[in-house]
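Student: I'd like to go through this one with you and ask why each label is used. Can we start once it's on the screen?

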Amino acid sequence: MITRYALFDGQINEGQSEAFRAAVLAEILPKWRAFPGALSVRVTFAESRDEGAPEYPMILAISYPDLPSVDAALASPIRSEARAATESVLARFFTGKIHHHVTTAHEYGPV
């Protein structure tokens with residue numbers, strides 16, 4: 001299994017945490033869940049993270065069965081819709097960068 005992580009490295013605009021969270025769940029998550037071949041799409045917010053975990057305001061993780069599935073998802077026209085939704089939410093609520101990380105699941109244990 002292959003997991004792609006988007007690490008949102010920055011900060012949510014002051015007083016906007018709840019609005020940011022609601023926008024992520026309503027506008028971003030459904031778009032990424034529509035990706036072809038995705039086994040799971042999940043988001044973790046800072047307040048729900050385990051103690052000692054990296055301090056990112058949000059982590060988006062998408063798992064695929066194999067690399068060809070990742071390639072197909074990245075080539076899909078759905079990707080542009082998901083990126084547009086993500087960029088729209090970030091422009092309204094977030095200051096910072098997104099770092100992408102790709103790993104095989106065994107590096108971190110079961111996904």
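Student: Which pattern of helices and strands does the protein chain follow along the sequence?

Tutor: Keep in mind that this is a predicted model. Read along the sequence, the pattern of the protein chain is β-α-β-β-α-α-β. That makes three helices and four strands.

Student: What share of the residues counts as buried?

Tutor: Of the 111 residues in the protein chain, 34% count as buried. As for the surface, the protein chain exposes about 6,500 Å², and carbon and sulfur atoms supply 53% of that area.

Student: And what share of the contacts joins residues at least 24 apart?

Tutor: Take the contacts between residues at least 6 apart in sequence: 77% of them join residues at least 24 apart.

Student: Let's get to single residues. Why is F8 called buried?

Tutor: Buried means under 20% relative accessible area. F8 has 1% relative accessibility, so F8 counts as buried. F8 sits in strand β1, which covers residues 2-12.

Student: Which residues is F8 in contact with, leaving aside its neighbours within four places in sequence?

Tutor: The partners of F8 are Y56, P57, M58, L60, T86, L90, F94, K97 and I98. A pair counts as a contact when heavy atoms lie within 4.5 Å. For one of these partners there's a C-alpha distance as well: F8 and L60 are 52 residues apart along the chain, and their C-alpha atoms are separated by 8.0 Å.

Student: Y5 is in strand β1 too. Why does Y5 count as buried?

Tutor: The relative accessible area of Y5 is 16%. The limit is under 20%, so Y5 is buried. Along the chain Y5 and V102 are 97 residues apart, yet their C-alpha atoms are separated by 6.2 Å.

Student: What makes the pairing of T3 and S63 a polar contact?

Tutor: The cut-off for a pair of N or O atoms is within 3.5 Å, with one atom able to donate a hydrogen and the other to accept it. The side chains of T3 and S63 are joined at 2.9 Å, so the pair passes as a polar contact. T3 is in strand β1, whereas S63 is in strand β3. Their C-alpha atoms are separated by 4.2 Å, with the two positions 60 residues apart along the chain.

Student: Which other side chain does S63 join, at 3.4 Å?

Tutor: That's R42: a polar contact of 3.4 Å joins its side chain to that of S63. Set against the limit of within 3.5 Å, 3.4 Å still qualifies.

Student: How do you know whether T3 and S63 are buried or exposed?

Tutor: Check the accessibility values. T3 has a relative accessible area of 0%, so T3 is buried. S63 also stands at 0%, so S63 counts as buried.

Student: Over to helix α2, residues 67-75, where S69 is placed. Why is S69 called buried?

Tutor: S69 has 16% relative accessibility, and the label needs under 20%, so S69 counts as buried. Its side chain makes a polar contact of 2.7 Å with the side chain of D66. Not counting residues up to four places away in sequence, S69 touches P36 and Y64.

Student: A73 is found in helix α2 as well. What makes A73 buried?

Tutor: A73 has a relative accessible area of 0%, so the buried label applies. Leaving aside neighbours within four places in sequence, A73 is in contact with F35, P36, Y64 and R79. A73 and A38 are 35 residues apart in sequence and 7.8 Å apart in space, C-alpha to C-alpha.

Student: What about pockets: what volume does the second largest pocket have?

Tutor: Its volume is about 290 Å³. The lining has 17 residues, and the closest to the centre are A6, W32, R79, R83 and H100.

Student: Which element supplies the largest share of the lining of the second largest pocket?

Tutor: That's α3, with five residues. β1, β3 (58-64), α3 (78-93) and β4 (94-104) each supply at least two.

Student: How many residues of that lining are nonpolar, polar and charged?

Tutor: The lining of the second largest pocket divides into eleven nonpolar, two polar and four charged residues.

Notes. Residues numbered from 1 in each chain as written. Predicted model: local features only at pLDDT ≥ 70, side-chain atom pairs only at ≥ 80, totals over all residues. Heavy atoms only, no water. Buried < 20%, exposed > 50% of the residue type's maximum accessible area, 1.4 Å probe, protein only. Areas by Shrake-Rupley, 256 points an atom, 1.4 Å probe, with all protein chains shown as cover. 1 Å grid on protein atoms, 1.4 Å probe; cavity = no way out; pocket = protein on both sides within 12 Å on 5 of 7 lines; lining within 4 Å. Points joined across faces, edges and corners; volume = space filled by probe spheres on them. Nonpolar A, V, L, I, M, F, W, Y, C, P; charged D, E, K, R; others polar.
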